[in-house]
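Biologist: Please take a close look at the largest nonpolar core of this chain. I would like to know which residues form it, and how the rest of the chain compares as a setting for it.

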Amino acid sequence: PDVRAAERELAAATARIGQATANLYPKLTLSGQFGFGASSFTDLLQWSSRAYSAGPAFSWDIFNGGRIRSAINQQESLTREALLGYERTVIQAIGEVESSLVGFTLTARQRDYLADATASAQLAYDLSLQQYEQGVTDFLTVLTVQQTLLEVEDSLVQAQGMCAETLVELYRALG
């Protein structure tokens, strides 16, 4: 939306150059009037009481050429300013999208690594539980591995939340 607004502002500024340039040339206008005129009210609607006029008008601001040219130069400067604003807006929008893409990629990669770590921690927990059931290890080892599994699962859930947040930020940057 901000890029569209800047583009419309640039288009309007460009059109104002044309408006200012049009003042250099003569203007020809055609106008006309039609009405009724009568000395008494009863004669007002008679066809013979009609009145009309039509004619051209010609105007040319020939003696203010310097003022008109300075107005054109002013509009051209305002257009260059609008162009710079448009370029700044586009660069800023591209930067936001790029930043959001990088953020989403990094959080998605972290989420994938934590998913792998969770699978490994789950396997380690299952193995330690089997070892405890067979009497090879003590229950403290099982609890320690289970705590590690829960910590990794917690990190995975947080990473999934961050991934969703960065995806929303990316959608917002894309408009």
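Modeller: What follows goes from the whole chain to the core, and then to the strands.

The model is predicted. Its protein chain has three helices and two strands, and along the sequence these come in the order α-β-β-α-α. A compact globule of 175 residues would have a radius of gyration near 16 Å, whereas the value for this chain is 39 Å. Along the principal axes, the C-alpha atoms fill a box of roughly 125 × 50 × 15 Å. Buried residues make up 19% of the 175 residues. The area that the chain exposes is about 12,800 Å², and 59% of that area is supplied by carbon and sulfur atoms. As for charge, there are 12 positive and 20 negative charges, and the mean positions of the two sets lie 25 Å apart. Among contacts with a separation of 6 or more, 68% come from residues 24 or more positions apart.

Now the core itself. The largest nonpolar core has five residues, namely Ala121, Tyr125, Val142, Val145 and Leu149. Two elements give two or more residues to this core: helix 2, covering 65-133, and helix 3, covering 139-174. Helix 3 gives the most, with three residues. In general, nonpolar side chains in soluble globular proteins tend to be buried together.

Two members of the core can be followed in detail. Ala121 has its place in helix 2. Ala121 counts as buried because its relative accessibility is 10%, and the cut-off for buried is under 20%. Leaving aside neighbours within four places in sequence, Ala121 is in contact with Val145 and Leu149, and both of these partners belong to the five-residue core. Leu149 can be read from the other side: not counting residues up to four places away in sequence, Leu149 touches Thr118, Ala121, Gln122 and Tyr125. Of these, Ala121 and Tyr125 are core members. As a distance reference, the C-alpha atoms of Ala121 and Ala15 are separated by 66 Å, and these two residues are 106 residues apart along the chain.

The strands offer another local setting. Strand 1 covers 27-36, and Ser49 sits in the loop between strand 1 and strand 2. Ser49 counts as buried because its relative accessibility is 8%. Ser49 and Phe36 are 13 residues apart in sequence, and their C-alpha atoms are 5.4 Å apart in space. The next residue to consider is Arg50, found in strand 2, residues 50-59. Arg50 is partly exposed because its relative accessible area is 30%, which lies between the 20% and 50% cut-offs. Not counting residues up to four places away in sequence, Arg50 touches Phe34, Gly35 and Phe36. For Arg50 and Gly35, the C-alpha to C-alpha distance is 5.8 Å, with their positions 15 residues apart in sequence.

To return to the request, the core consists of Ala121, Tyr125, Val142, Val145 and Leu149, with helix 2 and helix 3 each giving two or more of these residues.

Note on methods:
Residues are numbered from 1 along each chain as its sequence is written. This is a predicted model: local features need pLDDT of at least 70, side-chain atom pairs count only at pLDDT 80 or more; totals for chains, interfaces and linings use all residues. Side-chain values use heavy atoms; hydrogens and water are left out. Helices (H or I, at least four residues) and strands (E, at least two) are DSSP runs, numbered from the N terminus. The radius of gyration is taken over C-alpha atoms; the globule rule is 2.2 Å times the number of residues to the power 0.38. Buried means under 20% relative accessible area, exposed over 50%, partly exposed in between (1.4 Å probe, protein chains only). Contact means heavy atoms within 4.5 Å. Accessible areas come from the Shrake-Rupley method with a 1.4 Å probe; for residues, only the protein chains shown count as cover. Lys and Arg count as positive and Asp and Glu as negative; His and the chain ends are not counted. The place of a charge is taken as NZ of Lys, CZ of Arg, CG of Asp or CD of Glu. A nonpolar core is a set of buried Ala, Val, Leu, Ile, Met, Phe, Trp, Tyr and Cys residues joined through side-chain atoms within 4.5 Å.
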